[in-house]
Amino acid sequence: PLIQANLSYVDFKNGSGVRYLTQYAQDVSPVVNSGLFYTYQGLTTDQAWYVAAILPVSHPLLPDTFDDAPPELLDPSAYYALIEEQLSAAPAETFLPSLPLLDALIASLRVW
């Protein structure tokens, strides 16, 4: 993962877990909307089931694609730290879909 921003705990009907925003890459890449994901990982209360969700999400702060991003990153560590800070500070409703909406989707789950 290039970043782990906006970390939060979210409970669902019979379990709990953690959600965060991330983008995966095997190289030094800019963070872009086409690569940003809302990721959820949790366990049922009986710890019998692992629950995972990976959902696309976007934010106006980020370029949409790699073609729209800066051509090179001179200081990747500082760049990723800045993006994590900006996305974590952004109001939850400014994401598309909004983080509260995605959290509500996760909260509605029940594993049988």
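**Entry 1: helix 2 and the sheet.** I began with helix 2 in this predicted model, and I found that helix 2 (residues 99–107) lies across strand 1, strand 2, strand 3 (37–44) and strand 4, running at about 40° to strand 1. I then looked up the sheet itself, which is open, has four strands in the order 1-2-3-4, and is paired antiparallel. The edge strands are strand 1 (3–12) and strand 4 (50–56), each of which pairs on one side only, and I noted that the twist averages 20° from one strand to the next.

**Entry 2: strands 1 and 2.** I asked how many bridges join strand 1 to strand 2. I found eight between strand 1 and strand 2 (residues 15–23), and the two strands run antiparallel. Looking up Tyr9, I noted Val18 in strand 2 as its bridge partner.

**Entry 3: Thr39.** I next turned to Thr39, which has its place in strand 3, and asked whether Thr39 is buried or exposed. The relative accessible area of Thr39 is 2%, and because buried means under 20%, I entered Thr39 as buried. Leaving aside neighbours within four places in sequence, I listed the contacts of Thr39 as Val18, Arg19, Tyr20, Thr22, Ala53 and Ile54; Val18 in this list is also the bridge partner of Tyr9.

**Entry 4: the salt bridge.** I searched the whole structure for salt bridges and found one. In that pair the side chains of Asp103 and Arg19 meet at 2.9 Å, N to O, and the pair links distant parts of the chain, with Asp103 in helix 2 and Arg19 in strand 2, 84 residues apart. I also checked burial here, and both Asp103 and Arg19 are buried. As a general reminder, side chains of opposite charge can pair when their charged atoms come close.

**Entry 5: helix 1.** For helix 1 (residues 76–89), I compared the expected length with the model: at 1.5 Å a residue its 14 residues should span 20 Å, and the end C-alpha atoms are 20 Å apart, which agrees. I then asked which residues of helix 1 are buried, and I found Tyr79, Tyr80, Ile83 and Leu87. Seen down the axis of helix 1, these buried residues fall within an arc of 95°, so they line one face of the helix. For the pattern in general, I recalled that an α-helix has 3.6 residues a turn, so residues three or four places apart point the same way. The face of helix 1 turned away from the buried side carries the exposed residues Ser77, Glu85 and Ala89. Finally, I looked up what covers the buried residues of helix 1, and the cover includes strand 1.

Key
Residues are numbered from 1 along each chain as its sequence is written. This is a predicted model: local features need pLDDT of at least 70, side-chain atom pairs count only at pLDDT 80 or more; totals for chains, interfaces and linings use all residues. Side-chain values use heavy atoms; hydrogens and water are left out. Two strands pair if DSSP finds at least two bridges between them. Axes are lines fitted to C-alpha atoms, for helices over the stretch in contact, and angles run from 0 to 180 degrees between N-to-C directions. Contact means heavy atoms within 4.5 Å. Buried means under 20% relative accessible area, exposed over 50%, partly exposed in between (1.4 Å probe, protein chains only). The expected span of a helix is 1.5 Å times one less than its number of residues. The arc is that of the directions from the helix axis to the C-beta atoms. A salt bridge is a side-chain nitrogen of Lys or Arg within 4 Å of a carboxyl oxygen of Asp or Glu.
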